[in-house]
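Thanks, everyone. Let me put the model on the screen, and then I'll go straight in.

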Amino acid sequence: MASMNTKTLTQRALNVIDQYLHFKIGNAVCSIPYFNNKTTRTRGGLRVAIGKGSPKEIFEEVQDIVIKNHISINALTNDSLKRLLADNNIGIDCSAFVYYVLNAESEERKKGHLDKHLSFTNCHGILGRIRCSLRPIENCNVATFANDKNSRSIPIKEIEPGDIITMKSEENNRDHILVIHQIEYQNSIPATIHYSHAIAYPEDSPYGSGIYQGEIQIISPDKYITEQRWIEDNSEGNSNRLFIRARKSKTEIRRLKWF
């Protein structure tokens, strides 16, 4: 008889995902929109204004906007909250989302803050290192997570919650990252991988972007990750936008070196 078991991230890390996926103000709930700082070319400023804000920082910023614009919190609907966030350029990018989730996971594993371990590959010289030490989240991107100084590539058979899937692309602004939050095993072999990520698909409006979740069903653990069955938003195969992107990129399963 097949033996099944499930592993997840720690509850604290799962809570971070939920705070972005089900962001709540008053009675309104929505997914935090995606924000790409490279696209808007915003420099400096508060983290919440450049796609790097924590759920708490985003909540406080929205409260300020509501007060300044005399908006009734109780009058907000799910749709109007999403529009309020998107219209005010409040969102989260894929690497910052993963940063906050894995930072919570690292702390719960008694490994400490991510910035104490990460080697920031885009910070050069004394001034660059100072900048990264003062603003680690702002200077952490997909390339940082995917760098061999910070993570190592692993096979499907070894995958665990807290691992990441990185997609490195030659196209501008097309690098992407997923965090694995749950895995179902059959006889100790991964059977289904559940992931979360922040994304804006090109054909979607700003109001359609945000936190998505999906699963990768393992057809054969000896095959490459893009040879498995990817399902997201009830779509798979050539209709699955993330799967198409994964096949066009250098896609790897990676594990932080201190995990």
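Start with helix 1, residues 11-21, and helix 5, residues 94-108: their axes come within 8 Å and cross at roughly 160 degrees. Axes here are lines fitted to C-alpha atoms, for helices over the stretch in contact, and angles run from 0 to 180 degrees between N-to-C directions. Helices are DSSP runs of H or I with at least four residues, strands are runs of E with at least two, and both are numbered from the N terminus. Helix 1 and helix 5 are therefore roughly antiparallel. The cut-offs: under 35 degrees is roughly parallel, over 145 roughly antiparallel, 65 to 115 roughly perpendicular, and the rest oblique.

The crossing of helix 1 and helix 5 is right-handed. That term applies if the near helix is turned clockwise from the far one by less than a right angle; anticlockwise would be left-handed. Which residues make the contact? From helix 1, R12, A13, V16, I17 and Y20; from helix 5, F97, Y100, V101, A104, E105, E107 and E108. Contact means heavy atoms within 4.5 Å. By class, the residues of this contact are eight nonpolar, no polar and four charged. Nonpolar covers Ala, Val, Leu, Ile, Met, Phe, Trp, Tyr, Cys and Pro; charged covers Asp, Glu, Lys and Arg; the others, Gly among them, are polar.

Before I go on, the ground rules. This is a predicted model: local features need pLDDT of at least 70, side-chain atom pairs count only at pLDDT 80 or more, and totals for chains, interfaces and linings use all residues. Residues are numbered from 1 along each chain as its sequence is written, and side-chain values use heavy atoms, with hydrogens and water left out.

Now one residue from that contact. A104 is in helix 5. A104 is buried, at 4% relative accessible area. Buried means under 20%, exposed over 50%, and partly exposed in between, with a 1.4 Å probe and protein chains only. Leaving out residues up to four places away in sequence, A104 touches R12, A13 and V16. A104 and Q11 are 93 residues apart in sequence, yet their C-alpha atoms are 9.3 Å apart.

Next, S196. It sits in strand 7, residues 189-199. Is S196 buried or exposed? Buried, with a relative accessible area of 0%. The S196 side chain makes a polar contact of 2.9 Å with the side chain of H181. A polar contact is a pair of N or O atoms within 3.5 Å; within protein, one must be able to donate a hydrogen and the other to accept it, and residues adjacent in sequence count only if both atoms are side-chain atoms. Beyond four places in sequence, S196 contacts I17, F97, L178, V179, H181, Y212 and Q213. Two of those names are familiar: I17 and F97 also belong to the contact of helix 1 with helix 5.

Another serine. S209 lies in the loop between strand 7 and strand 8, residues 210-217. S209 counts as buried, at 5% relative accessibility. A polar atom of the S209 side chain lies 3.0 Å from the backbone nitrogen of Y34. Its contacts beyond four places in sequence are I32, P33, Y34, K82, I199 and A200.

On to a second helix pair. Helix 3, residues 55-68, and helix 4, residues 78-87, pack at about 95 degrees, with axes 11 Å apart. That makes helix 3 roughly perpendicular to helix 4. I58, V62, I65 and V66 of helix 3 meet L81, L84 and L85 of helix 4. That contact has seven nonpolar residues, no polar and no charged.

L81 turns up again with A28, in strand 3, residues 28-30. A28 is buried, at 0% relative accessible area. Neighbours within four places aside, A28 touches F23, L76, T77, N78 and L81.

Last, backbone angles. Where is H70? In the loop between helix 3 and helix 4. Its phi is near 55 degrees, a positive value in a residue other than glycine. H70 counts as exposed, at 75% relative accessibility. N234 also has a positive phi without being glycine, near 65 degrees. N234 is in the loop between strand 9, residues 229-232, and strand 10, residues 235-236. At 80% relative accessibility, N234 counts as exposed.
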